[in-house]
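User: Hi! I'm new to reading protein structures, and I'd like a close look at one part of this one. Could you take me through the charged pairs along a helix, step by step?

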Amino acid sequence: MRNRILVFAGIAVLVIGATVLALGHGRFGLGQHKRGEGPGHGDMLEHMARELNLTDAQKQQVKAIMDAAESSTEATRTKLDDIRKQLDAATANGQFDETQVRDLANQRAQLEADMMVEHLRAKSKVFSILTAEQRTKAEEMHKRFERHGHRPGPPPPPPGC
């Protein structure tokens, strides 16, 4: 059951965001993992290929889409990491400058919106190479994933943040 959930989670995330897990999640949401850390999209691609019965050509196309999305979001991930560090510094030892925190939070929100657009663009590209049957299966997997309480995108911040 655990393996099935992990397989499904990888597929759903790939279909939804193509790079969400590659970006990672941390204390402040996206941008906590560097390239090479955490679950890679190679594993997600293999899960997706197996579950959706992708052809070799489709696997190559999905990999190209994922690589392009990762590459195009690299600068954004770096900026998100910088903002996380700035927020840490701005709130260290109980400090709190609301103007500074709001400014950083707004910058982060804009960057996360940019990431979401790129993820959904990648999803659209992936869906465009799937057959009608594969798209139906991918949507069903996504619905099952959401029913188990999983949502695409960054998790809510931990309590106390």
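Analyst: Happy to help; here is a walk along one helix and its charged pairs, with a short visit to another helix at the end.

Please keep in mind that this is a predicted model. The general idea comes first: side chains of opposite charge can pair when their charged atoms come close. The structure holds 8 salt bridges, and we can look at some of them in helix α4, which covers residues 56-90.

Let's begin with D56 and K59. Their side chains meet in a salt bridge, with 3.5 Å from N to O. Both residues lie in α4, 3 residues apart, which is about one turn of the helix. How open are they to the surroundings? D56 is exposed, at a relative accessible area of 57%, while K59 is partly exposed at 24%.

Next come K63 and D67, whose side chains also form a salt bridge, at 2.8 Å from N to O. These two residues of α4 are 4 residues apart, so about one helical turn separates them. K63 is partly exposed, with a relative accessible area of 39%, and D67 is partly exposed too, at 31%.

Now move along to D81 and R84. Their closest N and O atoms are 2.8 Å apart, and the two residues form a salt bridge. They sit 3 residues apart in α4, again about one helical turn. Are these partners buried or exposed? D81 has a relative accessible area of 6%, so it counts as buried. R84, at 17%, is buried as well. The pair also belongs to something wider: salt bridges with shared partners join D81, R84, K85 and D88 into one network.

A charge can also meet a ring. The charged end of K123 sits over the ring of F127, 5.4 Å from the ring's centre.

Finally, let's visit helix α6, residues 132-147. With 16 residues at 1.5 Å each, α6 should span 22 Å, and its end C-alpha atoms are 23 Å apart, which agrees. Which residues of α6 are buried? They are Q134, A138, M141, H142 and F145. Seen down the axis of α6, the buried residues fall within an arc of 100°, so they line one face of the helix. On the other side of α6, E133, K143 and R147 are exposed. Just after α6 comes G149, which takes a positive phi of about 85°.

Key: Residues are numbered from 1 along each chain as its sequence is written. This is a predicted model: local features need pLDDT of at least 70, side-chain atom pairs count only at pLDDT 80 or more; totals for chains, interfaces and linings use all residues. Side-chain values use heavy atoms; hydrogens and water are left out. A charge sits over a ring if NZ of Lys or CZ of Arg is within 6 Å of the ring centre and within 35 degrees of the ring normal. The expected span of a helix is 1.5 Å times one less than its number of residues. Buried means under 20% relative accessible area, exposed over 50%, partly exposed in between (1.4 Å probe, protein chains only). The arc is that of the directions from the helix axis to the C-beta atoms. A salt bridge is a side-chain nitrogen of Lys or Arg within 4 Å of a carboxyl oxygen of Asp or Glu.
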